[in-house]
Amino acid sequence: MTKEQAALQIGVEAVVYGLPLVMMDLTMRNATNVAAPHGMAAPVNQFANPPVFPNAAFKQVVRANVDTLYSSAFLDLTREPMVLSVPDTHGRYYLLPTFDAWTNVFASPGTRTTGNVARDFVIVGPDWKGALPAGLQPLRSPTNLVWILGRTQTNGPDDYAAVHTVQQGYKLVPLSAFGRAFTPPEGAANGAANGVPDPTFDAKTPSVDKLKAMSAATYFDTLARLMKSNPPPFADAPMLAKLATIGIGPGQPFEPSHLDPEAARGLEHSVTVALQKLRSGAGEKRKGVDVNGWFFPGMNLGKYGTDYQTRALIALIAFGANLAADAVYPTSYLDANGQHFTGGSRYVLHFDQGQTPPVNAFWSVTLYGADSFFVDNPSNRYAISSWMPLRHNSDGSLDIYIQHDSPGRDREPNWLPAPPEGAFNLTLRMYWPEDKPPSFLDGTWKPPGVERVPVTP
């Protein structure tokens with residue numbers, strides 16, 4: 001193996017290893033370059049509470065849902081901890097998964113774990129030392145960059161007003177201001193001064209597209225910078241030793257000119273090659289764990305350990321994945337016969353009586369285009385959800401009709417519109433899945449395959 005080939009191999013490993021951290025930084029920058037909360041964006045240490053479901057124009061986060069209204073906040077814990085307060089949701093299901101900068105969920109306040117009563121938590125970074133007030137439940141983050149991606153169950157647009165009340169009850173204040181009146185300052189990330197967003201910053205290009213456009217030098221320099229404030233766990237020591245051989249270290253500027261010229265040439269293509277391998281690996285993994293055409297990458301979502309491959313893949317295709325105990329999102333790219341979904345064909349997802357997804361909260365089926373964003377359709381319907389007034393068959397079974405044209409007025413309550421042509425895919429979301437049989441978590445319940453409907457002459 002030449003020096004160039006050896007460097008490329010290590011460079012690809014480095015890209016895969018650091019991809020979640022770089023994606024977290026890109027997403028944070030896209031979402032915080034504002035003076036005040038607006039839509040899915042808000043200054044650092046403040047909640048953004050989008051008041052409506054995203055539509056087909058939404059490109060900020062791949063594979064968004066239309067089951068819940070989001071509450072998103074990026075935290076900077078370098079100065080002090082932040083107190084997170086949640087309201088009494090009066091039985092409404094919610095979850096506030098709290099991610100470290102490596103996309104691991106280190107805490108998940110919500111209905112499943114802490115109930116629906118009002119609570120106060122304090123999110124503490126890795127460098128802070130001090131005493132915490134009594135009555136605050138500490139949530140200790142291993143990194144200073146934290147992302148809260150909250151979800152509150154929303155049963156359609158008619159439910160917005162009630163959910164807005166819950167969203168307004170999600171509060172963030174610095175620990176030093178807890179217990180007294182506090183008004184969040186105007187502010188923006190990315191070096192903007194006096195609360196004025198940087199007008200030159202491109203917040204429209206999706207984070208994943210910015211990642212694809214990065215040179216290797218920019219990527220590795222960004223990774224090194226981020227690792228200083230967001231230290232890798234001890235278990236990553238062998239990988240850090242590999243990174244050091246190509247000049248990547250926490251807080252050290254990446255200087256390819258300091259490397260052997262042949263090795264530097266090998267690193268130049270590492271981002272492109274790594275992303276190609278991840279994409280092709282996703283296809284292989286779908287085939288490897290095929291359950292009636294549904295792909296699920298594993299039960300270690302949100303707590304990846306040293307499974308860097310899965311962690312990077314999820315950062316690319318499902319950034320912000322929950323713990324399996326909170327929600328599971330099997331995705332199907334193939335019908336029951338192993339053929340790719342395509343617009344223009346008609347499909348049916350059939351659940352026998354009593355065999356709909358076993359959940360403690362609710363479930364849905366969402367359709368996405370090949371780019372993992374919603375497909376525009378005249379009715380703005382992107383999902384079929386269990387809260388909807390679905391029509392069951394006379395034997396108690398349930399059919400979901402997936403096609404471009406209307407399946408007929410009597411079947412439209414169960415219609416999930418598909419594109420007129422081109423590839424698409426489906427995600428089955430199960431919120432708070434049952435943990436005893438029948439259960440998706442232990443394999444005693446399996447999602448049925450999606451059947452292609454033959455075209456009649």
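Which elements each supply at least two residues of the lining of the largest cavity? Keep that one in mind while you look around; the notes below start there. One caution before anything else: this is a predicted model.

1. **The largest cavity.** The elements in question are strand E8 (145-153), H9, strand E11 (327-328) and E18, each of which supplies at least two lining residues. The volume of this largest cavity comes to about 310 Å³. There are 27 residues around it, and if you want to find the centre, look for Arg 63, Ile 317, Ala 318, Ala 321 and Tyr 329, which are the closest to it. As for character, the lining splits into 19 nonpolar, 5 polar and 3 charged residues. If you go hunting for others, the count is 6 cavities of 30 Å³ or more.

2. **The second largest pocket.** This one holds about 370 Å³ of space. Helix H4 (207-213), helix H8 (270-288), helix H9 (308-317) and strand E18 (424-431) are the elements that give two or more residues to its lining. In total 22 residues line the pocket, and those nearest its centre are Arg 279, Tyr 333, Ala 370, Asp 371 and Ser 372. By type, the lining has 12 nonpolar, 4 polar and 6 charged residues. Notice that H9 turns up here as well as in the lining of the largest cavity, and the same goes for E18.

3. **Helix H9.** Since H9 has come up in both places, give it a look of its own. Is it mostly covered or mostly open? Mostly covered: 9 of its 10 residues are buried. Among the buried ones are Tyr 308, Thr 310 and Arg 311, together with a run of residues that includes Ala 312, Leu 313 and Ile 314. Ile 317 is also on the buried list, and you have already met Ile 317 as one of the residues closest to the centre of the largest cavity.

4. **The sheet E17-E16-E13-E19.** Four strands make up this open sheet, in the order just given, and the pairing is mixed. Why does one side of strand E17 (415-417) and of strand E19 (450-452) have no neighbour in the sheet? Both stand at the edges and each has a single partner strand, so one side of each is left without a neighbour there. Neighbouring strands are turned by 25° against each other on average, direction ignored. In the middle of things, strand E13 (residues 347-351) and strand E16 (residues 398-403) pair antiparallel over 5 bridges. To locate yourself on that pairing, find Leu 349, which stands opposite Ile 400 in E16.

5. **The sheet E7-E6-E2-E9.** Here is another open sheet of 4 strands, again with mixed pairing. Its edge strands are strand E7 (137-140) and strand E9 (171-174), each pairing on one side only. From one strand to the next, the twist averages 30°. Strand E2 (residues 82-86) and strand E6 (residues 119-124) run antiparallel and are joined by 5 bridges. A handy landmark is Ser 85, which sits opposite Asp 120 in E6.

6. **Val 12 and its distant partners.** Now go to helix H1 (residues 3-32), where you will find Val 12. Buried or exposed? Val 12 has a relative accessible area of 10%, and it counts as buried because the cut-off is under 20%. Leaving out residues up to four places away in sequence, Val 12 touches Ser 270, Val 273, Ala 274 and Lys 277. The C-alpha atoms of Val 12 and Gln 276 are 10 Å apart, although their positions lie 264 residues apart along the chain.7. **Backbone oddities to check.** Pro 437 and Pro 438 are joined by a cis peptide bond, with omega at about -5°. Pro 438 is in the loop between E18 and E19. Asn 292 is not a glycine, yet its phi is positive, about 55°. You will find Asn 292 in the loop between H8 and strand E10 (294-295), and at 41% relative accessibility it counts as partly exposed. Asn 380 also has a positive phi, near 55°, in a residue other than glycine. Its place is the loop between strand E14 (363-369) and strand E15 (383-385).

Conventions:
Residues are numbered from 1 along each chain as its sequence is written. This is a predicted model: local features need pLDDT of at least 70, side-chain atom pairs count only at pLDDT 80 or more; totals for chains, interfaces and linings use all residues. Side-chain values use heavy atoms; hydrogens and water are left out. On a 1 Å grid over the protein atoms alone, a cavity is a set of points where a 1.4 Å probe fits but cannot get out, and a pocket is an open set with protein on both sides within 12 Å along at least five of seven lines; lining residues have an atom within 4 Å of a point. Grid points are joined across faces, edges and corners, and a volume is the space filled by probe spheres set on the points. Ala, Val, Leu, Ile, Met, Phe, Trp, Tyr, Cys and Pro count as nonpolar, Asp, Glu, Lys and Arg as charged, and the others, Gly among them, as polar. Two strands pair if DSSP finds at least two bridges between them. Axes are lines fitted to C-alpha atoms, for helices over the stretch in contact, and angles run from 0 to 180 degrees between N-to-C directions. Buried means under 20% relative accessible area, exposed over 50%, partly exposed in between (1.4 Å probe, protein chains only). Contact means heavy atoms within 4.5 Å.
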